Amino acid sequence: KYYATLRQSRIVVTAMPSMYEGDSRLWESLASGALVFCDRMLTPQPPEVRHGVHAIFYDGANATDFLSKLTYYIENTAEAATIAHRGWLLALNYHRALNRADYILWTALCFRKHRRRELCMQYP
């Protein structure tokens with residue numbers, strides 16, 4: 001029922017658990033094809049979800065800003081659909097479980113080879 005509800009939604013609002021990133025809800029929401037509102041990520045995973053391109057970022061402590069953004073995208077459905085489609089493409093092409101495993105292995109092998117973190121920050 002959860003996934004069916006996601007697929008029927010035009011807008012999905014997510015929030016990262018306090019001081020924890022790794023919640024799969026963001027990726028599930030993007031993969032649903034809905035426009036996703038999410039609070040800012042502390043440690044974005046490459047390629048990054050970008051505000052206004054793949055999703056809409058909001059400040060959970062600012063209800064006025066959140067409601068303003070929500071109202072805007074409810075009223076501007078074409079723009080919302082474009083951002084939602086880009087988010088869907090990003091999730092399906094780069095943020096599946098296989099992609100996460102590849103990223104972790106690539107980073108570990110890069111660090112083992114170079115022993116310099118800054119050289120391994122640019123995932124291909």
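A residue counts as buried when its relative accessible area is under 20%, and as partly exposed when the value falls between that limit and 50%. Those cut-offs matter for the aromatic rings of this predicted model.

A search of the whole structure finds 5 aromatic pairs. One of them joins Phe 37 and Tyr 73. Their ring centres are 6.1 Å apart, and the planes meet at 80°, an edge-to-face arrangement. This pair links distant parts of the chain. Phe 37 belongs to strand β2, residues 35-39. Tyr 73 belongs to helix α3, residues 63-75. The two residues are 36 apart along the chain.

Are these two partners buried or exposed? Phe 37 has a relative accessible area of 0%, so Phe 37 is buried. Tyr 73 has 10% relative accessibility; because buried means under 20%, Tyr 73 counts as buried too.

Tyr 73 also pairs with Tyr 72. Here the ring centres lie 4.8 Å apart and the planes stand at 85°. Planes over 60 degrees apart count as edge-to-face, so the Tyr 72 and Tyr 73 pair is edge-to-face. Tyr 72 has 36% relative accessibility and therefore counts as partly exposed.

Which residues do the ring pairs link into a cluster? Phe 37, Tyr 58, Phe 66, Tyr 72 and Tyr 73 are linked in this way.

One further contact involves a charge and a ring. Arg 25 lies over the face of Tyr 2, at 4.7 Å from the ring centre.

Conventions:
Residues numbered from 1 in each chain as written. Predicted model: local features only at pLDDT ≥ 70, side-chain atom pairs only at ≥ 80, totals over all residues. Heavy atoms only, no water. Phe/Tyr/Trp six-rings, centres within 6.5 Å; stacked < 30°, edge-to-face > 60°. Helix = DSSP H or I, 4+ residues; strand = E, 2+ residues; numbered from the N terminus. Buried < 20%, exposed > 50% of the residue type's maximum accessible area, 1.4 Å probe, protein only. Lys NZ or Arg CZ within 6 Å of the ring centre and 35° of its normal.
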